[in-house]
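Thanks for coming. I will go through one model this morning, starting with a term and then moving from the salt bridges to the sheets and the cores.

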Amino acid sequence: MVTMKKIALFVALVSLVVTQSQAQCRAFTKNRVLPNLSGYIQNENYNAALFMEGDESEVLMTFYGGKNYRLVVMGHPVLPDVEFEILDTNDELLYSNKDAAVKNLFDFRMANTQQLKVRVKVPDSGGTLVHQGCVTIVA
């Protein structure tokens with residue numbers, strides 16, 4: 001009986017932490033990321049997740065021909081500058097923000113409708129503390 005109570009308490013605690021982190025990502029996206037899309041129509045989709053230094057992820061997104069886009073990739077200020085790349089479905093590199101003057105956004109126009117991969121990486125800062133924060137991708 002005591003074990004069941006401990007399991008139920010653990011599940012409730014994990015659910016609370018997950019809900020709290022999702023709420024923090026939504027607030028970060030609304031307050032810090034979405035204002036960068038002014039003048040562009042947002043596709044109503046956003047991808048956000050908690051990242052730690054050294055984490056990497058990839059998202060497949062559809063972009064429609066004849067439209068102008070602004071891709072915004074932002075990490076919480078506690079994280080090092082987020083690196084991102086745009087690749088086609090054959091993994092050919094189309095864009096990287098590594099040498100870009102503006103690190104968190106990319107404006108482009110699609111000639112044809114296609115799916116593109118957005119690869120995101122939070123570099124390791126090399127410090128003794130490993131930070132965790134929200135990273136958001138919107139277009």
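First, the term: a residue counts as buried under 20% relative accessible area, as exposed over 50%, and as partly exposed in between. With that in hand, take D107, whose relative accessible area is 36%, so it is partly exposed. Please keep in mind throughout that this is a predicted model.

D107 forms a salt bridge with R70, and the closest N and O atoms are 2.6 Å apart. The two residues come from distant parts of the chain: D107 lies in strand β6, residues 105–109, and R70 in strand β3, with their positions 37 residues apart in sequence. Is R70 buried or exposed? R70 has 17% relative accessibility, so it counts as buried. This bridge therefore has a partly exposed acid, D107, and a buried base, R70.

How many salt bridges does the structure hold? The count is 4. Beyond the one just described, I will show two that share an arginine.

R119 forms a salt bridge with E58, with 2.9 Å between the closest N and O atoms. Again distant parts of the chain are linked, since R119 sits in strand β7 and E58 in strand β2, 61 residues apart. The side chain of R119 also meets that of E85 in a salt bridge, at 3.5 Å from N to O. E85 belongs to strand β4, and it is 34 residues from R119. Together E58, E85 and R119 are linked in a network of salt bridges.

As for exposure in that network, R119 has a relative accessible area of 23% and is partly exposed. E85 is also at 23% and counts as partly exposed. E58 comes out at 39%, again partly exposed. As general background, side chains of opposite charge can pair when their charged atoms come close.

Now the overall layout. The protein has 1 helix and 8 strands. Reading from the N terminus, the helix comes before the strands, in the order α-β-β-β-β-β-β-β-β. Of the 139 residues, 30% count as buried. The accessible surface comes to about 8900 Å², and carbon and sulfur atoms account for 54% of that. If we take contacts between residues at least 6 apart in sequence, 80% of them join residues at least 24 apart.

Next, the strand pairing. There is an open sheet of 4 strands in the order β2-β7-β4-β5, and the pairing is antiparallel. Which strands stand at the edges? They are β2 and β5, the latter being residues 93–96; each has a single partner strand, so one side of each is left without a neighbour in the sheet. On average, neighbouring strands of this sheet are turned by 25° against each other, direction ignored.

The strands that carry the salt-bridge network, β2, β7 and β4, are listed in this sheet order. At the β5 end, β4 and β5 run antiparallel and are joined by 3 bridges. Across that pair, I86 stands opposite Y95 in β5.

Strand β8 has partners of its own. Strand β1, residues 46–52, runs antiparallel to β8, and 7 bridges join them. There, N47 has I137 of β8 as its bridge partner. β3 also pairs with β8 in the antiparallel sense, over 4 bridges. On that side, I137 is the bridge partner of V73. How enclosed is β8? In this strand 6 of the 7 residues are buried, so β8 is largely enclosed by the rest of the structure.

That brings us to the cores. The largest nonpolar core has 22 residues, and those with the most contacts inside it are M61, F63, L71, V73, V120 and I137. Strands β2 (56–63), β3 (68–75), β4 (83–87), β7 (114–121) and β8 (132–138) each supply at least two of its residues. Apart from it lies another core, of 9 residues, with L37, V72, M74 and V138 among them.

Last, a close look at V73. Which residues does V73 touch, leaving aside neighbours within four places in sequence? The contacts are V82, F84, N104, V118, V120, T136 and I137. I137 thus appears as a contact of V73 and as its bridge partner in β8.

That is the end of what I have to show.

Terms used: Residues numbered from 1 in each chain as written. Predicted model: local features only at pLDDT ≥ 70, side-chain atom pairs only at ≥ 80, totals over all residues. Heavy atoms only, no water. Core = buried A, V, L, I, M, F, W, Y, C linked by side-chain atoms within 4.5 Å. Buried < 20%, exposed > 50% of the residue type's maximum accessible area, 1.4 Å probe, protein only. Contact = heavy atoms within 4.5 Å. Areas by Shrake-Rupley, 256 points an atom, 1.4 Å probe, with all protein chains shown as cover. Pairing = 2+ DSSP bridges. Axes fitted to C-alpha atoms, helices over the stretch in contact; angles between N-to-C directions.
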